[in-house]
Amino acid sequence: MKRLINIELKENQNYAELIPYVELLEQKYVSPDMPIAVVDTSKKYKNPVIYGSYGNLPMVRDSDEMPGLLSKVKLFKFVVNKDTGRVKEFVAGEVIDQNAEFLVPYYLPKDTRVDQLVFNEGRIDWLKPVVEQDVN
């Protein structure tokens, strides 16, 4: 079973890039004015981190789970075209045109086809290829 809980990010403390350690704030009520995450009610967290989501809310995991979870994904660094939203993978040493592009880090499965991704409203979306059918 899952429940909502208020969290506080531990400043400058990350398990890995983009995976912050958090403090779980055990309170009688969840405050909508503070950061909220989803926890598993049956679990005791020793070193809670934020990784993944449950619905639209961040999910709390224990850092002990992270080696297994991270073995299935890759931290991509995408260069996003501001006009089109198209993304390409960043290559070390590449110069980014700050007026037309920006850099976005994102964890995705290792076999992700970058040519099928687009940046849309603050998130990376997969553009599913359309299969053309013969109508004859």
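**Confidence, a pocket and salt bridges**

Trainee: In which strand is confidence lowest, and in which is it highest?
Mentor: This is a predicted model. Confidence is lowest in strand β10, residues 123-126, at a mean pLDDT of 85. At the other end, a mean of 95 belongs to residues 36-40, strand β3.

Trainee: What is the mean pLDDT of the protein?
Mentor: Of its residues, 96% reach 70 or more. The mean for the protein is 88.

Trainee: Which strand gives the most to the lining of the largest pocket?
Mentor: The pocket has a volume of about 500 Å³. Three strands each supply at least two lining residues: β2, β4 and β8. The one that gives the most, with 4 residues, is β4.

Trainee: How many charged residues are in that lining?
Mentor: Look at some of the names: the lining includes Leu-18, Ile-50, Ser-53 and Tyr-106. By class, 9 residues are nonpolar and 3 are polar. The number of charged residues is zero: there are no charged residues.

Trainee: Is Glu-26, which meets Arg-3 in a salt bridge, buried or exposed?
Mentor: The two side chains meet at 3.1 Å, N to O. The pair links distant parts of the chain, with Arg-3 in strand β1 and Glu-26 in the loop between β2 and β3. Arg-3 is partly exposed at 34%. Glu-26 has a relative accessible area of 57%, over the 50% cut-off, so it counts as exposed.

Trainee: Which residues are linked with Lys-43 in a network of salt bridges?
Mentor: Start with one pair: the side chains of Glu-65 and Arg-61 meet at 3.6 Å, N to O. Lys-43 belongs to a network with both, so the names are Arg-61 and Glu-65.

Note on methods. Residues are numbered from 1 along each chain as its sequence is written. This is a predicted model: local features need pLDDT of at least 70, side-chain atom pairs count only at pLDDT 80 or more; totals for chains, interfaces and linings use all residues. Side-chain values use heavy atoms; hydrogens and water are left out. pLDDT is the predictor's confidence in each residue, from 0 to 100. On a 1 Å grid over the protein atoms alone, a cavity is a set of points where a 1.4 Å probe fits but cannot get out, and a pocket is an open set with protein on both sides within 12 Å along at least five of seven lines; lining residues have an atom within 4 Å of a point. Grid points are joined across faces, edges and corners, and a volume is the space filled by probe spheres set on the points. Ala, Val, Leu, Ile, Met, Phe, Trp, Tyr, Cys and Pro count as nonpolar, Asp, Glu, Lys and Arg as charged, and the others, Gly among them, as polar. A salt bridge is a side-chain nitrogen of Lys or Arg within 4 Å of a carboxyl oxygen of Asp or Glu. Buried means under 20% relative accessible area, exposed over 50%, partly exposed in between (1.4 Å probe, protein chains only).
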